[in-house]
Amino acid sequence: MKQSSKLTIRDLVTIGIFTVLIIMFGLIVSMVSRIATGGLSILISGGLSAFFSAPIYLLLSFRVGKRGVAFLNALLRSLMYVIMGVPHVLLIFIPAAILAELIMMPPATAYKSLGKTSLSWAVFSTFNALHGPLLFVMLGAKYMMEKAPHSPSTERLALMLNYYYNPWMIALIGGLAFVGGLVGCLMGWKLLHKHFVRAGLVKL
């Protein structure tokens with residue numbers, strides 16, 4: 001029997017569960033990097049999160065394998081910030097979600113392609129890593145600090161302002177996230193074949 005190309009309730013539940021796992025894993029990586037590297041985490045946490053969360057996303061993408069996975073994953077991740085009281089992230093995440101899904105065209109083959117899935121994840125991860133700096137530039141530091149659910153320390157805020165208004169630092173943050181996403185997907189591809197394809201949990 002030919003598999004339906006439309007998302008089912010089961011698919012939506014799977015996307016929801018995996019997206020929560022990605023969010024939790026990303027938060028853990030960010031917290032650990034902040035504790036371990038201090039102010040340097042402002043620059044590298046996006047790349048580290050993209051790298052370590054990539055295998056989970058790759059498993060989600062290949063397991064569901066239908067149009068809408070990239071878009072819904074990105075949209076659900078933005079809702080976390082909306083719930084935290086920062087709805088302005090939608091200005092960044094909605095375009096990112098649309099772009100991530102457009103890369104996965106045509107969905108019948110793209111969702112079985114390591115190259116397109118990796119590129120889609122890397123592009124979204126770049127937007128995710130840059131949403132803070134972009135919002136600071138677009139809306140202003142004072143406004144963002146008033147809306148932030150947790151105010152950073154004076155020292156960390158000074159570093160954020162120094163990095164976020166420096167084009168080279170912005171390029172570094174985005175570049176690390178993009179490369180981290182790509183390399184993480186390559187690692188995830190090996191894990192996928194080693195553990196999930198052989199076990200019959202994912203069909204390629």
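P106 lies in the loop between α4 (90-103) and α5 (107-110), and the peptide bond that leads into this proline from M105 is cis, with omega near -10°. The model described here is predicted, and the values that follow are computed from its atoms.

**Overall architecture**

The protein chain contains nine helices and zero strands, so that, by the DSSP runs used to assign them, its elements read α-α-α-α-α-α-α-α-α from the N terminus on. Of the 204 residues in the protein chain, 44% are buried. The chain exposes about 10800 Å², and carbon and sulfur atoms supply 72% of that area. Among contacts between residues at least 6 apart in sequence, 76% join residues at least 24 apart.

**Helix packing around α8**

Two packed helices are described by the angle between their axes and the distance between the axes. Two such pairs involving α8 are set out below.

| Helix pair | Angle between axes | Distance between axes |
|---|---|---|
| α6 (residues 114-139) and α8 (residues 154-164) | about 85° | 10 Å |
| α2 and α8 | about 70° | 10 Å |

With an angle of about 85°, α6 is roughly perpendicular to α8, and the contact is made by G132, P133, F136 and V137 of α6 together with M160, L161 and Y164 of α8. The angle of about 70° between α2 and α8 likewise makes α2 roughly perpendicular to α8, because angles from 65 to 115 degrees are placed in that class. In this second pair, S41, I42 and L43 in α2 meet R156, L159, M160, Y163 and Y164 in α8. M160 and Y164 of α8 therefore appear in the contact with α6 and also in the contact with α2, under a contact limit of heavy atoms within 4.5 Å.

**A buried serine in α2**

Is S61, a residue of helix α2, buried or exposed? S61 has a relative accessible area of 0% and is therefore buried, since that class covers values under 20%. Not counting residues up to four places away in sequence, S61 touches V69, M104, Y111 and T117.

**The salt bridge**

Side chains of opposite charge can pair when their charged atoms come close. Where does the chain place such a pair? The count comes to one salt bridge, formed by K66 with D11, whose closest N and O atoms are 2.7 Å apart. The pair links distant parts of the chain, with K66 in the loop between α2 (41-64) and α3 (69-83) and D11 in helix α1, 55 residues apart. Both partners, K66 and D11, are buried.

**Surface of α1 and the α9 position V179**

A nonpolar patch on the surface is formed by I9, L12, V13, I17 and L21, which together have about 460 Å² of accessible area. One of these residues, L21, lies in helix α1 (residues 9-37), and with a relative accessible area of 40% it is partly exposed; this value allows L21 to belong to the patch, because membership requires over 30% relative accessible area.

V179, which is found in helix α9 (residues 167-197), also counts as partly exposed, at 47% relative accessibility. The C-alpha atoms of V179 and G47 are separated by 7.3 Å, although these two residues are 132 residues apart along the chain.

Note on methods:
Residues numbered from 1 in each chain as written. Predicted model: local features only at pLDDT ≥ 70, side-chain atom pairs only at ≥ 80, totals over all residues. Heavy atoms only, no water. Patch = residues over 30% accessible without salt bridge, like charges linked within 9 Å, V, L, I, M, F, W, Y side chains within 5 Å. Areas by Shrake-Rupley, 256 points an atom, 1.4 Å probe, with all protein chains shown as cover. Salt bridge = Lys/Arg side-chain N within 4 Å of Asp/Glu carboxyl O. Helix = DSSP H or I, 4+ residues; strand = E, 2+ residues; numbered from the N terminus. Buried < 20%, exposed > 50% of the residue type's maximum accessible area, 1.4 Å probe, protein only. Axes fitted to C-alpha atoms, helices over the stretch in contact; angles between N-to-C directions. Parallel < 35°, antiparallel > 145°, perpendicular 65-115°, else oblique.
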